[in-house]
Amino acid sequence: MSDDVNLSGSLGAGAHISAVPDLRYSFTAQFLRGAAFFAQRARKIEDAAGHAADENTKYEHRAYVVATIMQSVAALEAEVSEICLHGPGHHLGSNGIDQVARDFLHPLLEMIDRQETLRRYDLVLHLLKKPGLDKGVQPYQDTDLLVKLRNELVHYKSRWGQEMERQKLFKRLEQLRFENPPFIPYQGTNFFPHQLLSSSCACWTVSTTTEFISTFYSLLGVPSPLEPHKEGLSVPPIRYRK
């Protein structure tokens with residue numbers, strides 16, 4: 001979370017100058033810290049409920065995991081828009097902004113904003129002649145998978161289990177081998193959404209997003225806006241299937 005403040009002066013009667021603060025709020029850290037909170041809540045529900053959970057508990061748990069995914073990808077989209085609007089270093093105050101880069105990117109905002117989420121980050125680095133993100137390694141691959149998972153939830157289509165098993169996205173997600181919520185059996189339930197949407201999936205979501213944003217800023221050569229929020233972005237360890 002950050003608030004940027006500009007002071008604008010005006011001349012009133014008698015040449016009196018009054019300063020009016022103009023505030024700008026950054027939502028990136030809010031989205032991601034909220035996601036971390038939801039991941040922590042999902043883990044607490046799993047630990048408390050064990051194998052026995054009523055329907056209300058299951059709904060609450062799944063709501064936290066879905067909210068984690070939604071807010072994490074919202075953080076990705078918010079941050080790249082902030083860079084295009086206000087320039088690299090916008091979170092460091094007016095003295096930390098790369099104003100040349102800001103003036104170059106700002107007219108291109110609409111064009112960049114039409115691209116897919118990670119393509120926007122690629123374009124910013126390319127346009128600023130910075131080293132590009134390596135699409136063949138982490139955190140790019142997991143972040144790409146996370147964005148596709150968010151899209152699957154936003155545009156959810158109820159399918160039979162056999163139809164979902166043929167989808168490449170779900171095959172890739174299964175390979176992550178996250179532990180099921182303890183009250184969701186491996187047998188007799190679809191992988192998506194029931195088995196996948198666990199606290200471990202939520203924790204992976206927060207960690208992946210944090211690492212991606214930090215990697216992007218290291219390529220920009222600017223301190224990450226998430227550095228002051230390390231404690232608030234802490235999530236429980238990921239649990240994997242045995």
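Me: Buried means under 20% relative accessible area, exposed means over 50%, and partly exposed is in between (1.4 Å probe, protein chains only). So how many of the 11 residues of helix H5 are buried?

Reply: Quick background: this is a predicted model, where local features need pLDDT of at least 70, side-chain atom pairs count only at pLDDT 80 or more, and totals for chains, interfaces and linings use all residues. Residues are numbered from 1 along each chain as its sequence is written, and side-chain values use heavy atoms, with hydrogens and water left out. Now look at residues 117–127: Thr-117, Leu-118, Arg-120, Tyr-121, Asp-122, Leu-123, Val-124 and Leu-125 are buried. H5 is largely enclosed by the rest of the structure, because its buried residues number eight.

Me: Which helices help cover the buried residues of H5?

Reply: Helices here are DSSP runs (H or I, at least four residues), strands are runs of E (at least two), and both are numbered from the N terminus. What covers the buried part of H5 includes H2 (55–86), H3 (99–105), H4 (109–113), H6 (140–154) and H10 (199–220).

Me: What residue with a positive phi follows H5?

Reply: Go just past the end of H5 and check the backbone angle phi. The residue there has a positive value, near 60 degrees, and that residue is Lys-129.

Me: Is Thr-208 buried or exposed?

Reply: Thr-208 sits in helix H10. Leaving aside neighbours within four places in sequence, Thr-208 is in contact (heavy atoms within 4.5 Å) with Pro-139, Asp-142 and Thr-143. With a relative accessible area of 5%, Thr-208 is buried.

Me: How many salt bridges does the structure hold?

Reply: Side chains of opposite charge can pair when their charged atoms come close. To count as a salt bridge, a side-chain nitrogen of Lys or Arg has to be within 4 Å of a carboxyl oxygen of Asp or Glu. On that rule, the number of salt bridges is eight.

Me: How many residues apart are Arg-41 and Glu-60?

Reply: Arg-41 is partly exposed at 25% relative accessible area, and Glu-60 is partly exposed too, at 33%. Their side chains meet in a salt bridge, 3.9 Å from N to O. The pair links distant parts of the chain, with Arg-41 in helix H1 (residues 28–49) and Glu-60 in helix H2, and their separation is 19 residues.

Me: And how far apart in sequence are the parts tied together by Asp-47 and Arg-239?

Reply: Asp-47 is partly exposed at 47% relative accessibility, and Arg-239 is partly exposed at 29%. Their side chains form a salt bridge at 2.9 Å, N to O. Asp-47 lies in H1 and Arg-239 in the segment after H10, so the pair ties together parts whose distance in sequence is 192 residues.

Me: Which residue joins Asp-144 and Arg-172 in one network?

Reply: Asp-144 (21% relative accessible area) is partly exposed, and so is Arg-172 (31%). The two form a salt bridge, with the closest N and O atoms 3.8 Å apart. That pair links distant parts of the chain, Asp-144 in helix H6 and Arg-172 in helix H8 (residues 168–174), 28 residues apart. Salt bridges with shared partners join Asp-144 and Arg-172 into one network with Lys-148.

Me: What percentage of the residues of the protein chain counts as buried?

Reply: The protein chain has 10 helices and two strands, in the order β-β-α-α-α-α-α-α-α-α-α-α. Of its 242 residues, the buried share is 45%.
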